[in-house]
Each structure stands twice: as C-alpha cells, then as structure tokens.
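Trainee: Could we go through this model together? I would like to see how each label is earned.

Mentor: Gladly; ask away.

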Amino acid sequence: MALAQGSPLRAETGLTVTDPAAFPPLPPYPASPQVPLEEHVFGQTVSDPWRWLEADVRHDDKVGQWVGAQSRFAETYLGALPERPAFEARMKRLIDYERFGLPVARGAHVFHRWNAGLMNQSQLLVTDGEAPAGAKGRVLLDPNTWAGDGATALDDWQPSDDGSLMAYSVQDGGSDWRTVQVVRVADGAVLPDRLKWVKFSGLAWVGDSALVYSRFAEPGKDAAFQALNYNQTVWLHRLGTSQSDDVPIHATPDLPKRGHVATVSSDGRWLVIASSDGTDPVNTVSIAPIEGGQIGAVRPLIAEMTAEWTFLDAVGDSLWFLSGAQAPRRKIVRVDLARHGEAPPRFTTVVPEHDDTLQWAAIVGHRLVLGYLHDAHSLVRLAALDGVAAGELALPGLGAVGRVSGRPDDTHGYLSFASFTTPDTVLRFDPGNGTRTVWRAPKLTFRPDDYRVTQVFYPSRDGTRVPMFVVRHADVHGPVPTLLYGYGGFNIALSPWFSPTTMAWLESGGAYAVANLRGGGEYGDAWHDAGRRAHKQNVFDDCIAAGEWLIANGMCPAGGLSIQGHSNGGLLVGAVVNQRPDLFAAANAGVGVMDMLRFDRFTAGRYWVDDYGYPEKEADWHVLRAYSPYHNVHAGAVYPAIVVTTADTDDRVVPGHSFKYAAALQNTAIGPKPHLIRIETRAGHGSGKPIDKVIAEAADVQAFLAHWSGLIPRA
C-alpha cells in the first residue's frame, strides 16, 4: 500500500522530504457493512448501524473477519511509514536498561522484580537479606517461560509473613481475570492450589497457611470477556484444599453491584474489607479479628458510603486510615477499637487536611509516611503516629513517588521515584531521621540532563487555571511538533512518570506535554467533581485550551499538534477531535470508551457510572449523547489523521467501542487523511503487555503521529 499524502507542515517548513506527489490517496478501507438500527430515546432518534461489531471476536466469525481485514490494512500502512524504523530502533535502545522493582522484606528474604532490559516480562527475584549493590538474587518466578508469545504476566504477589511462601496472580493475554497460585520460596516448587475467576482482588495471608481473596462466580459459556460482573465475594482458602472447599467470608447479595477487597494488618490481627459500588472514591469498611489463624465475625466499622476510607495498617487495636470524610484533600484518621466490639470505636483525626492533596500514606518504622501532591508532583512528609510533624523526605527532583514498601516494625523502608526524564530509582529511607540513599538506580542509554521539564499554568475556557508539564530537549528552541497527553477522569492524577517510548519522541526533536485536566485527582474532590457527569465538558475544554496555549505561546507550530490518550483518555481524544478537528494534525485514541450510551452494558462498564452518569437517566443521557465520540463524528469537517488502538482481548473497555468508532470514522466524509484501527492480539487494556508488543505498537503510533505532524526523527 502506498502512503497517503504527506504532512503539509513538512512543505511549509522547507524541510527536505519526499515529494508529496509520491504519496497517492489512501486505498479504500475494508468494508464495514451497515445494519440499519434506530432507537428512539428521550425524544431523540439514535442510529447504531455498527452494533454488530460489539460481538466477541472469539465467537463471531463476521467480527473476526472484519478485525482481520482492518488489521492487515493498518499493518501495511503503518509498516510502510518511513519514520517507523528510526522510532523502533530508538525505543529498543531506550528500553534496554536494567530495571528494579520495589523490594519487599518478609522473614529472612527480600523480594523484588527485575528485568535485564528487553525481557518481555520482569522476573521475581529473592535474596537472603538485603542484597548488596550488583547482586542479582535468585529467580523465584520467571513469567517469560509461561507462554511462547510472552503474553502471560505476573500480576500481584504477596509473600507470607515468614517469607516461606509466595502467593501470586497470573494474567493471561491481558485479561482482567486472574488465576492465583502459590510457590514455595525455598525450592521454587509451585503448589497445586489454583484459584480461578479472580478479578479486582487483593491477596492477603491469614497466618502462613491460608489466603483471603475476592472472586466472582464462574461466568456462563462464552460470557467471560463481555458479561457484567456482579456479586463479588471474599473467600478464605486453606492451602492444600480444593477451591470448591473455600469458605465465603463476606458478601452482599442484596447489593449485587458491591465489590469487596480484603487486606490483613501487618501484625496479622485484623481483617479489613473495603467495599464500593463503582469507581467513586467512597467506600464502606468492615472488620474482623484474627486469632490463631481463625477469622472472627465480620462487623461493620464504617457503614455509610459517603467518603473514602483507605486502610493503612494497624498497631495493636488501633487502625489507621487515609480518609476523605469532610476532607476533600484527605486526612489521616486513627480508629481505636475494642477488640471484640464491647465498646464503640473512637475516631481521631491525627493529620488534618492540608492545602496539598494527600495521595497515599504508609506506616513505616512507627512513623507516618505521607505522600502529597503539590501541583501534580510529589512531596513526602513524615509524622509521628500521633500526627506531630517530623520533617520532610527530600526527593531527587520534580517527579513522583510510585510505591512505598515497609511495615510499622521495620527500621527502614523503600520507595520508587521517577520523573519524565529519569526511570524508577529505588530509594532506601530511614523514617526516624528522614535520610535516604539509593538502593538501585538504572544505568541509562541517554542523558537526563539533556532535557528540560517545565510546568506552566494556562487558562481554560471558563478561566480555570490548569497545570501542564512540557518536556523538550535542551537544544530545541522555537515551535516543534508536540504530542499532548491527557486523561481527566476517575480522580486519577497525572504525575510525572517515565516512558522510554516517549523518550524516543523527545530524542527525535519533538516536545511532550501532559495536561492535568479537571476530572483527575490533582487537587482533591473539587477538581474531580468539576470534570465528571454534567461537568464532563470541562475536561474537553481544558484539553482544547492546552493545545491552543501550546500553539499560541510558540511551543508548537500550527499544524504540528498531536494528541494521545488511553481508556478514559481515549474517550477524551475522540471527543476533542470531534469538537475541534482543526486543532490537531494527528491523534491516537487508545482503548477508549467510545459509545457513551452503552458503556455500562459490558464487563466493568457498570462501575463507570460514577464518573459518566447513567445512560438510562434522561438528564445523564443527554449529556452523554452530546459528547459520545461514536455518535458525534461530523460529516463535512476535515479531521486529523487518526490511529485507533485496541486489543481483541480487552475485557476492561471491550474492543467493540473502538471497532464501532473506527467504522464510523471510515464511513463518514471527514477528509482524506487516514483513519486506521490497529488491533493487537492477546493483549488487554494495557497491563501485562510484553515488551515486544509495547515497542511494536509504540513505534507504529509514534511514526504515524510524527508523519502527520511534521516531526522528522533525528539521526
């Protein structure tokens, strides 16, 4: 297949490129037959001619044939892009560095993930005690041996308290379903226990011979990857027994939408169950005492679902929580219990709400370790258990702390720190005096100092001040093709993170911008509420204003702006491209929620009503109809080049969303630029994807965005 006409920006800038005449018009897209279907809802008629593409590709031959044809079409186009070889080579070099996960100490052992660089999946290593620098450790689990295509991944893992056993969950083909197994640490022998139909679950040990986990009932035939999930139950599994013998610990059959995640305090004395209905950061809490390996009666601790209560840990009969009760930016609450419920619990605020958003907390060395967001980047403060401030833990720069490891009785803890230009570095810290040292740092194939990160604040349409990070090579001056990334939903904050594939864009001379849109969690509940349900348009306005600011302030040339987003961010891309197709040269909508009138009918979609609203409610329906990407592709407008990315086994945002949206793009008169869909096989919503698939997809996407925004990769 010949490529479509070259980017007009290339000619305008006078860069030496192939003559645009060498790129004839795109051939016809594969057929997407329309099956007339109209529904009359709340006074409007809605057409859905590609509903047949919602069927599961595993079981529907017509959908399978459509997927095959679209995949071949996109593969031919993307594989012929002249920019692609340079991007792929760069990404392989940039990702080929030794990576260390956060260590977890149990008994005499320390466990952590490790990747030599280009391993499809990271291994889980174990050492006897804290290994010195340069010591690799023994391989306990190697997911690279689990499947020939590298698409079976190690998900969660939890060692027993004495470090003799490791419970772990296996993810296959990117699915949200997990299978839980147990390995003996001494010799690496995998025990016969296999727990299936586990999803959205924690793993918690009760003593050293039993596990608490959450699962759903086995789905019906052919329904595992599309059916809605109801009636999650917390179960107790004793090692050496069949899953059919497991004992239900907690369920709410009268509230079938309610999900439950169980944890056990580090001293093994308390079972704590957090229950929620959706994605809203509100939940109830139930507790039970544990004595002699036996779980007592489960009783409610926080019965009303009005605020977030995230369990941190327990010391004796006191439990600590990160709480949003009358604290939209979060606080720390201690709950003092009578062990057998003889007296009501006492709630005491020990760290009140701060101007910054309290994002996470932990108890390490009998100190509170408090992770705050200050204008979307991390600050770590320390406090005594009574809340008295104990200083700040200095971080290496403007970046974000990903995770923290440590327990109340530990003398030290670990945290991982990353920035836009520095991969995860594991720091060992002393909570007593706030000092830190580097435990493991990556050896890089580039110089972080060659890049500069700035944070700007720009006005949105209604005047709201929105932060945005902009990353550029230090020797880049003036406007350059820019890739804008956004999310804006579900109370999720976009803090600085490191992506070796994004570094390939920066090495090529482009700029990268991350806008902290409303709907996220950067500034607490008010920021989240301002970008959801009836206020969702604020998210799109914030994103559009970010693009306009980048061009108006000389960061990006007109005709040189690309946009990218995944999941809720894929919805963002679809919506803003529909609303302002003139603003963008190219777009990548990844695993997006594209049909806002039917999102709640598949797998985890029902959870998202907290952010999006209920399609069956008239007021919500009209809001959703107004921005739904699938329903608002406008004939007659000239759209940017678009590559839609999804996976045939995504059971979080089912691929039918992207299939229908791509069919609408290809069958509407929206201009001559390409509108492709790239469909990955044996990959889900993103987690667990092997490195070779990560590189292949990123090289395709960045080559496409570069081609249509005028970015020519540097040598």
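Trainee: What makes Gln70 count as buried?

Mentor: Its relative accessibility is 1%, and buried means under 20% relative accessible area, with exposed over 50% and partly exposed in between (1.4 Å probe, protein chains only). Gln70 therefore counts as buried. Keep in mind that this is a predicted model, where local features need pLDDT of at least 70, side-chain atom pairs count only at pLDDT 80 or more, and totals for chains, interfaces and linings use all residues. Residues are numbered from 1 along each chain as its sequence is written, and side-chain values use heavy atoms, with hydrogens and water left out.

Trainee: Where does Gln70 sit, and which residues is Gln70 in contact with, leaving aside its neighbours within four places in sequence?

Mentor: Gln70 belongs to helix H2 (residues 61-79); helices (H or I, at least four residues) and strands (E, at least two) are DSSP runs, numbered from the N terminus. Beyond those neighbours, Gln70 is in contact (heavy atoms within 4.5 Å) with Pro30, Ser32, Gln666, Ile677 and Ile679.

Trainee: Why is helix H4 described as largely enclosed by the rest of the structure?

Mentor: Because 8 of the 8 residues of H4 (residues 500-507) are buried. They are Pro500, Thr501, Thr502, Met503, Ala504, Trp505, Leu506 and Glu507. H4 is followed by Gly509, which has a positive phi near 105°.

Trainee: Why is Ser122 called partly exposed?

Mentor: Ser122 has a relative accessible area of 22%, so Ser122 falls in between the buried and exposed limits. Ser122 lies in the loop that links strand S5 (109-115) and strand S6 (123-128). Leaving aside neighbours within four places in sequence, Ser122 is in contact with Arg113, Trp114, Asn115 and Pro143.

Trainee: What makes the pairing of the Ser122 and Asn115 side chains a polar contact?

Mentor: The distance is 3.3 Å. A polar contact is a pair of N or O atoms within 3.5 Å; within protein, one must be able to donate a hydrogen and the other to accept it, and residues adjacent in sequence count only if both atoms are side-chain atoms. The Ser122 and Asn115 side chains make such a contact.

Trainee: How do you know that Cys543 and Cys556 are not bonded to each other?

Mentor: The sulfur of Cys543 is 13 Å from the closest cysteine sulfur, in Cys556, too far for a bond; a disulfide is a pair of cysteine sulfur atoms within 2.5 Å. A search of the whole structure finds 0 disulfides. Cys543 counts as buried at 2% relative accessibility, and Cys556 counts as buried at 2% too.

Trainee: What makes a space a pocket or a cavity?

Mentor: On a 1 Å grid over the protein atoms alone, a cavity is a set of points where a 1.4 Å probe fits but cannot get out, while a pocket is an open set with protein on both sides within 12 Å along at least five of seven lines; lining residues have an atom within 4 Å of a point. The largest pocket has a volume of about 480 Å³, and its lining holds 27 residues, with Asp172, Ser175, Trp177, Thr179 and Phe225 nearest its centre.

Trainee: How many cavities of 30 Å³ or more does the search find?

Mentor: The whole structure has 4. The second largest has a volume of about 70 Å³, and of its 15 lining residues, Asp56, Arg58, Gln226, Asp648 and Pro655 are the closest to its centre.

How values were computed: Grid points are joined across faces, edges and corners, and a volume is the space filled by probe spheres set on the points.
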